[in-house]
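Please look over the structure shown here. The report below covers the ligand site, the sheets and some backbone details.

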Amino acid sequence: MENKTEQLIFEKSIPGRKAYSLPNLDVPGQNLTKLIPAEALRHNLNLPELAEVDVVRHFTNLSRRNFGVDNGFYPLGSCTMKYNPKVNEEIAQLPGFTDIHPLQDESEVQGVLELLYNFEQYLCAIFGFKAFTFQPAAGAHGELTALLMIKAYHQQQSTVDCRLSTVRNKIIIPDSAHGTNPASVSLVGYQAIVVKSDKRGNIDLDELRKVVGDDTAGLMVTNPNTLGLFDEHILDVAEIIHKAGGLLYYDGANANATLGVCRPADMGFDVAHFNLHKTFATPHGCGGPGAGPVGVGEKLEPYLPVPRVIKSANSFQLSADRFPKSIGRVHSFHGNINVIVKAYAYVLALGAKGLREVSENAVLNANYVMNKLKDYYYLPYDRTCQHEFVISAKWQKEKYGVKALDIAKRLLDYGYHPPTIYFPLIVEEALMIEPTETESKETLDAFCDAMIAIAKECEENPDLVKNAPHTTHVKRLDEARAARDLKLRF
Ligand SMILES: *Cc1c(COP(=O)(O)O)cnc(C)c1O
């Protein structure tokens, strides 16, 4: 039964069957076909025709095949699939938030403006910045917003000081960077310069000095980086970039290791984005909706998108006029408000102490799993990790021809969502694991047991792993074809 392929709802359709029964129209003199202009009426819509119960069963069955953090452990490195408390959903669904419209008069939406104003203050306290914008709808969007501000800043600088005639058009990025970083750089017309990591997974300072110069617009870095390692020379990195006249961008998409522990602004960063949908327990997946607020220090504050929420006397206003240097809007209205409300509720519920505990537990859990697995999988950077770590299937590949992809697929048979694989690019056969703080020791132990069992299977029965998954509805897919030969309709 379970493995039976589910027909499309169109295939289940029976002509004439209905999921509703409406009374006949009894308004005198009214005729439906007259209410709708003839040119707008269509007769062959090709919609599925089913009874309500069949529609409900169809979609419920399909939803059961999906994997989500609500039905299993989801250690997807970098993307943070932590559990999202349901109370945040309830709060975001309060009519005071859902029934307002962004074009309403400011006097009628004081509550949501106050929320934005307060949350900006909280994020400033958590990350050390001077101001925030909530407009960006995702991390990559935050990167773009920040780079536009950096560009506006350099343009302004060169008009103030004409000795700065050299064009600053290069952004330095470590080789462990998230793929969105170089993409955002080219989107604003800058050039990405890659700098190597050293043996401990830090930015190689000698390599950095070689590429820094008058043409450096800035540096983009994630810290802890995508290896899950905190850069031990971050203050030196900041000094090198600032001395050259560049700005420092902090990719804080995933801030799960640092809450209440350290702040990017204190490390010398001028600007940063943070994914509410990763760190602040708002659900995400399938491309959204998210929120990637951007925080800025003194140098970039004038360039923040408008309108900004300001407070005067006892009320809140939206202002654009006060910020003439702003880069303008990067999103309609004020961003994905619903996502912001969930994150706000999460921050209020935890408070300063609770947020610090989030990070302490995220780091503890990651180190616990890493140390349990490192005898079975190659660990390229063997030092204390932060919220995530990267192991490699190098041993399994060399000895038994089993790749990271095969291990990821085999995990599905054990009931786990696979970790991120083949990223970061500098680790061969990478498996990037982020357990998050929301998992119990029992769950982590069970996951480690599955990983260890798979390592044994690689030895004893490599074909079992290479042909996995065996228990899922859909078996091994041709992933290259799935990405290149898209069929988005049927
Ligand atoms: C997820 C992530 C991003 C991109 O965030 P989106 O919301 O997916 O655009 C950027 N950098 C890092 C380090 C990330 O983990």
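What follows is a short tour, beginning with the ligand.

**The ligand site**

This is a predicted model. In it, 13 residues surround the ligand. Ser-78, Gly-139, Asp-251, His-277 and Lys-278 come nearest among them. By character, the shell divides into three nonpolar, seven polar and three charged residues.

Three polar pairs can be picked out here, each between the ligand and a named residue. The table gives their distances.

| Residue | Protein atom | Ligand atom | Distance |
|---|---|---|---|
| Ala-140 | backbone N or O | oxygen | 2.8 Å |
| Asp-251 | side-chain N or O | nitrogen | 2.6 Å |
| Asn-275 | polar side-chain atom | oxygen | 3.1 Å |

Ala-140 uses its backbone, facing an oxygen atom of the ligand. Asp-251 uses its side chain, facing a ligand nitrogen. Asn-275 also offers a side-chain atom, and its partner is a ligand oxygen.

How much of the ligand does the protein bury? Taken alone, the ligand exposes 380 Å², and the protein buries 86% of that. Two elements give two or more residues to the shell: helix H7 (139-160) and helix H11 (276-279). Helix H7 provides the largest share, three residues.

Ser-78 deserves a second look. It is one of the residues that come nearest to the ligand. Its phi is positive, at about 75°, although Ser-78 is not a glycine. The residue sits in the loop between helix H3 (52-64) and helix H4 (86-92).

**The seven-stranded sheet**

As background, the strands of a sheet pair through backbone hydrogen bonds, either parallel or antiparallel. In this model, seven strands form an open sheet with mixed pairing. Their order is S1-S7-S6-S5-S4-S2-S3. Strand S1 (131-133) and strand S3 (191-195) are the edges, each pairing on one side only. From one strand to the next, the twist averages 25°.

One pairing in this sheet can be followed residue by residue. Strand S6 (residues 271-274) and strand S7 (residues 294-296) run antiparallel and are joined by three bridges. Ala-272 has Gly-295 of S7 as its bridge partner.

Strand S4 (216-221) is followed by a loop that leads to helix H10 (234-243), and Pro-224 lies in that loop. The peptide bond from Asn-223 to Pro-224 is cis, with omega near 0°.

**The S8-S9 hairpin**

Strand S8 (residues 308-312) and strand S9 (residues 315-319) run antiparallel, joined by five bridges. Within this pair, Ile-310 has Gln-317 of S9 as its bridge partner. Two residues lie between the strands of the hairpin. Ala-313 takes a positive phi near 50° in this hairpin.

**The C-terminal annotated region**

Which feature does UniProt place at residues 359-460? The unreviewed entry gives "domain: Glycine dehydrogenase C-terminal" for this stretch. In the model, the chain over residues 359-460 is 51% helix and 10% strand. The end C-alpha atoms of the stretch are 38 Å apart.

Next comes the three-stranded sheet. It is open, has the order S10-S12-S11 and pairs in the antiparallel sense. Its edges are strand S10 (389-392) and strand S11 (420-421), each pairing on one side only. Four bridges link S10 with strand S12 (residues 430-433) in the antiparallel sense. Ser-392 stands opposite Ala-430 in S12.

Where does Pro-424 lie? It is found in the loop between S11 and S12. A cis peptide bond joins Phe-423 to Pro-424, with omega at about -5°.

Key:
Residues are numbered from 1 along each chain as its sequence is written. This is a predicted model: local features need pLDDT of at least 70, side-chain atom pairs count only at pLDDT 80 or more; totals for chains, interfaces and linings use all residues. Side-chain values use heavy atoms; hydrogens and water are left out. A residue is near a molecule or strand if one of its heavy atoms lies within 4 Å of it. A polar contact is a pair of N or O atoms within 3.5 Å; within protein, one must be able to donate a hydrogen and the other to accept it, and residues adjacent in sequence count only if both atoms are side-chain atoms. Accessible areas come from the Shrake-Rupley method with a 1.4 Å probe; for residues, only the protein chains shown count as cover. Ala, Val, Leu, Ile, Met, Phe, Trp, Tyr, Cys and Pro count as nonpolar, Asp, Glu, Lys and Arg as charged, and the others, Gly among them, as polar. UniProt positions are given in the numbering used here, feature names are shortened, and annotations may be inferred rather than shown by experiment. Two strands pair if DSSP finds at least two bridges between them. Axes are lines fitted to C-alpha atoms, for helices over the stretch in contact, and angles run from 0 to 180 degrees between N-to-C directions.
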